[in-house]
Amino acid sequence: TPLVNLASQGRRIGLTWPESLPVPTLSGNTATYAEVLPGVDLQVTAEVDGYREVLVVKDRAAASNPALHQIRFGLVTDGVSAAVREDGGLVANDETGEVIFAGDPPMMWDTPVAPAGMSAAEAA
């Protein structure tokens, strides 16, 4: 079952996780799938015009897991052909070449841990 399904103009694209997922915890428009890897949660947020997924790596031990070096989501399509752009983003075109879906390239960042008595914003 796709983790995310998007539909437009009678066409569909869906994102899958490579293994079965636990039941998510829901908070507003975000579903959190706990421990998809040891010490790693998957958060999927529904937005007005799409979605975003974030892997929350909770500690140094989780960050050293070799499985994090390459995460491969699956993709299912109906009525579009999907391809990776040169910048690493995703584009899905219909049979005429019209772009129906597009996604930004993946990115990674680190959130600083604030020293005692300091906010994360001050530490950044």
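Colleague: What pattern does the protein follow, read along the sequence?

Modeller: Along the sequence the pattern is β-β-β-β-β-β-α-β-β-β-β-α, which comes to two helices and 10 strands, and I should say at once that this is a predicted model.

Colleague: OK, and where is confidence lowest, and where is it highest?

Modeller: The mean is lowest in helix α2, residues 120-123, at 54, and highest in strand β3, residues 25-27, at 97. Over the protein the average pLDDT is 88, with 89% of the residues scoring at least 70. Where pLDDT is low, the predicted coordinates should not be read in detail.

Colleague: Changing topic, what is the strand order in the open sheet of three strands?

Modeller: The order is β8-β9-β10, and the pairing is antiparallel. The edge strands, each of which pairs on one side only, are β8 (81-84) and β10, and from one strand to the next the twist averages 15 degrees.

Colleague: How many bridges hold β8 and β9 in their pairing?

Modeller: There are four bridges between β8 and β9, the latter being residues 90-93, and V84 has L90 in β9 as its bridge partner. The two strands form a hairpin with five residues between them, and in its turn G88 has a positive phi of about 95 degrees.

Colleague: And on the other side, how many bridges join β9 to β10?

Modeller: Four bridges join β9 to β10, and these strands also run antiparallel; here A92 stands opposite F101 in β10. This hairpin likewise has five residues between the strands, with G97 taking a positive phi near 95 degrees.

Colleague: Let's move to pockets. How much space lies in the largest pocket?

Modeller: About 2,200 Å³ of space lies in the largest pocket. It is lined by 45 residues, of which E53, V54, F73, P106 and M107 are the closest to its centre.

Colleague: Which elements give two or more residues to that lining?

Modeller: Those are β1 (4-8), β2 (11-16), β6 (50-57), α1 (60-63), β7 (74-78) and β10 (99-103), so β10, an edge strand of the open sheet, appears in the pocket lining as well.Colleague: Which of them gives the most?

Modeller: β6 gives the most, with eight residues in the lining of the largest pocket.

Colleague: What is the make-up of that lining by class?

Modeller: By class, the lining has 26 nonpolar, nine polar and 10 charged residues.

Colleague: Last one, what share of the residues counts as buried?

Modeller: Of the 124 residues of the protein, 25% count as buried.

Technical notes
Residues numbered from 1 in each chain as written. Predicted model: local features only at pLDDT ≥ 70, side-chain atom pairs only at ≥ 80, totals over all residues. Heavy atoms only, no water. pLDDT = per-residue confidence, 0-100. 1 Å grid on protein atoms, 1.4 Å probe; cavity = no way out; pocket = protein on both sides within 12 Å on 5 of 7 lines; lining within 4 Å. Points joined across faces, edges and corners; volume = space filled by probe spheres on them. Nonpolar A, V, L, I, M, F, W, Y, C, P; charged D, E, K, R; others polar. Pairing = 2+ DSSP bridges. Axes fitted to C-alpha atoms, helices over the stretch in contact; angles between N-to-C directions. Buried < 20%, exposed > 50% of the residue type's maximum accessible area, 1.4 Å probe, protein only.
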